[in-house]
Amino acid sequence: MAVSSSSFLSTTSLTNSKSTISFASSVSPTPIPSLRRVIFRSSVPSSSHRRSMTVRSKIREIFMPALSSTMTEGKIVSWIKTEGEKLSKGESVVVVESDKADMDVETFYDGYLAAIVVGEGETAPVGAAIGLLAETEAEIEEAKTKAASKSSSSTPQAVVPSPPPVTSSPAPVTAVSDGPRKTVATPYAKKLAKQHKVNIESISGTGPFGRITAADVEAAAGIAPSKSSVAPPPPPPPQPTATTAKATTTTNLPPLLPDSSIVPFTTMQSAVSKNMIESLSVPTFRVGYPVNTDALDALYEKVKPKGVTMTALLAKAAGMALAQHPVVNASCKDGKSFSYNANINVAVAVAINGGLITPVLQDADKLDLYLLSQKWKEMVGKARSKTLQPHEYNSGTFTLSNLGMFGVDRFDAILPPGQGAIMAVGASKPTVVADKDGFFSVKNQMLVNVTADHRIVYGADLAAFLQTFAKIIENPDSLTL
């Protein structure tokens with residue numbers, strides 16, 4: 001039966017009764033064209049429509065970011081903004097210390113810094129809330145209440161070791177976290193304090209909420225810090241107490257010597273410790289090789305006035321040798337396969353205050369020697385000021401460690417996780433050398449030891465790489481091309 005139909009939508013009538021939706025349909029049974037009516041009725045109060053369209057303001061959490069692939073927790077160096085201060089999208093809010101560098105953390109939204117959950121000098125795992133951001137000024141008090149409930153629910157488990165949970169215990173814990181905080185200072189003020197050797201704990205800040213500014217540090221630069229102000233910072237006592245408690249319960253640890261003290265690892269030292277333990281699981285072997293450096297020393301004297309460093313010469317030579325032996329530049333990360341890296345990124349170990357970091361010279365085989373030296377100076381400056389970006393220290397495919405400037409003639413380096421080899425360079429010293437005809441002469445030589453991952457690099461591979469490296473060093477004209 002063919003039926004042609006047409007339809008229309010009736011005007012809705014709104015009443016105060018319960019919301020209902022009803023459909024009425026009328027279709028003629030005759031085969032002639034008829035009218036099909038569909039009526040939609042909805043009785044929904046207009047006020048409910050308004051409520052469904054209302055968008056409430058939000059209280060957002062500022063999370064601890066993952067600043068590197070190995071970072072599991074971060075330390076708050078300083079809060080750039082104070083509670084109640086208005087923020088704009090993209091503005092720096094807090095300085096976080098990762099396992100390698102200090103970095104500014106920006107906000108992704110406009111609003112107000114309503115509450116600081118993790119104070120300066122405290123640590124938090126990656127992804128944990130370190131502060132609360134209110135969208136409107138009226139929601140600041142609500143955010144503070146939310147922050148207080150967070151701290152009261154989390155801190156008793158970490159601070160109060162007694163098993164029975166007491167409801168009155170969160171109050172003193174919250175008072176301790178909000179009261180005697182560590183010294184609040186701007187990052188630049190802390191940097192100046194280290195440079196001028198000023199005890200920042202002894203300075204009274206003149207900035208907002210007692211924050212120590214650069215002017216306060218400069219004013220106190222010529223004053224020697226008193227020993228009494230250095231001794232009793234409030235937070236350190238609990239750490240030795242907890243550590244000594246563990247030491248007393250663990251029977252296999254020797255007792256502390258008289259007048260000894262326990263110093264906890266910094267964030268960087270913890271990361272180095274973790275990497276070194278991880279390196280122990282990799283089967284490695286070492287190969288040493290003597291390299292004549294007379295020609296390299298002569299070239300260095302020529303290019304040194306132009307700003308070229310010995311580190312840049314060695315990194316360039318290593319990069320050129322790796323281009324001919326890509327297996328030494330390979331990586332094995334899962335123990336089941338390895339990958340040939342498309343780029344030759346030479347990481348160079350640099351000792352900084354309180355740790356070790358390896359800035360990366362990317363594409364070391366392709367860069368011009370003078371540009372490579374310029375980049376290296378920039379990297380060293382960033383490393384010492386702890387402003388390296390993650391890709392500038394965790395993208396290395398081969399590592400170079402040079403202790404020759406300290407007079408060390410030979411040493412073994414520990415392989416960094418995820419790399420195929422690391423080169424340890426000793427000092428260049430006059431050495432008596434016999435040629436193939438048995439004649440003796442004195443030449444400058446340096447000893448190079450390479451530690452390699454034996455799962456992907458074999459003895460013959462490493463020996464061939466060292467021979468190529470030695471030829472480049474002994475005939476260094478190609479380094480300036």
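This is a short tour of a predicted model, with a residue or element to select at each stop.

**Stop 1: the main core**

Start by selecting Val-328, Met-423, Phe-465 and Phe-469. These four have the most contacts inside the largest nonpolar core, which has 58 residues. Now add helix H10, residues 310-324: this helix supplies the largest share of the core, 9 residues.

Stay with Val-328 for a moment and show what surrounds it. Leaving out residues up to four places away in sequence, Val-328 touches Leu-322, Phe-398, Gly-420, Ala-421, Val-457, Asp-461, Leu-462 and Phe-465. Phe-465 is thus both a neighbour of Val-328 and one of the residues with the most contacts in the core.

**Stop 2: the second core and strand E7**

Next, select Ile-62, Leu-87, Val-105 and Leu-133. They are among the 18 residues of a second, separate core.

Val-105 leads you to strand E7, residues 102-106. Which residues of E7 are on its covered face, and which on its uncovered one? Met-103 and Val-105 make up the covered face, while Asp-102, Asp-104 and Glu-106 make up the uncovered one. Side chains in a regular strand alternate between the two faces of the sheet.

Show strand E6, residues 92-97, beside E7. The two strands run antiparallel and are joined by 5 bridges. Glu-97 stands opposite Asp-102 of E7, so keep Glu-97 selected for the next stop.

**Stop 3: from Glu-97 to Lys-386**

Is Glu-97 buried or exposed? With a relative accessibility of 10%, Glu-97 counts as buried. Add the side chain of Lys-386, and you will find a salt bridge between Glu-97 and Lys-386, at 3.2 Å from N to O. Because Glu-97 belongs to strand E6 and Lys-386 to the loop between H11 and E16, this pair ties together parts that are 289 residues apart in sequence.

Look at the backbone here too. Lys-386 has a positive phi of about 60°, although it is not a glycine. For another example, go to Asp-363, which is not a glycine either and has a positive phi of about 55°. Asp-363 is in the loop that runs between strand E15 (360-361) and helix H11 (369-384), and is partly exposed, with a relative accessible area of 24%.

**Stop 4: more salt bridges**

A search of the whole structure finds 6 salt bridges. Try these selections next:

- Asp-412 and Arg-286: their side chains meet in a salt bridge at 4.0 Å, N to O. The pair links distant parts of the chain, 126 residues apart, with Asp-412 in the loop between E16 and E17 and Arg-286 in strand E11 (residues 284-292). Asp-412 is partly exposed at 48% relative accessible area, and Arg-286 is partly exposed at 44%.
- Arg-455 and Asp-453: this salt bridge comes in at 2.8 Å, N to O. Arg-455 is partly exposed, at 31% relative accessible area, whereas Asp-453 counts as buried, at 1%.
- Lys-81, Glu-85 and Glu-91: here a network of salt bridges links the three residues.

**Stop 5: helix H8**

Now select helix H8, residues 267-279. Its 13 residues should span 18 Å at 1.5 Å a residue, and the end C-alpha atoms are 19 Å apart, which agrees. Colour Thr-267, Met-268, Ala-271, Asn-275 and Ser-279, which are buried. These buried residues cover an arc of only 115° around the axis, so they sit on the same side of H8.

What do the buried residues of H8 pack against? Show strands E4 (73-79), E6, E13 (350-352) and E14 (355-357), and you have their packing partners. You have already met E6 as the strand joined to E7.

**Stop 6: Gly-407**

Finish at Gly-407, in the loop between E16 and strand E17 (421-425). Gly-407 counts as partly exposed, at 40% relative accessibility. Which residues is Gly-407 in contact with, leaving aside its neighbours within four places in sequence? They are Ala-427 and Lys-429. Draw a distance from Gly-407 to Lys-429, C-alpha to C-alpha: they are 8.9 Å apart in space and 22 residues apart in sequence.

Technical notes
Residues numbered from 1 in each chain as written. Predicted model: local features only at pLDDT ≥ 70, side-chain atom pairs only at ≥ 80, totals over all residues. Heavy atoms only, no water. Helix = DSSP H or I, 4+ residues; strand = E, 2+ residues; numbered from the N terminus. Buried < 20%, exposed > 50% of the residue type's maximum accessible area, 1.4 Å probe, protein only. Pairing = 2+ DSSP bridges. Contact = heavy atoms within 4.5 Å. Core = buried A, V, L, I, M, F, W, Y, C linked by side-chain atoms within 4.5 Å. Expected span 1.5 Å × (residues − 1). Arc of directions from axis to C-beta.
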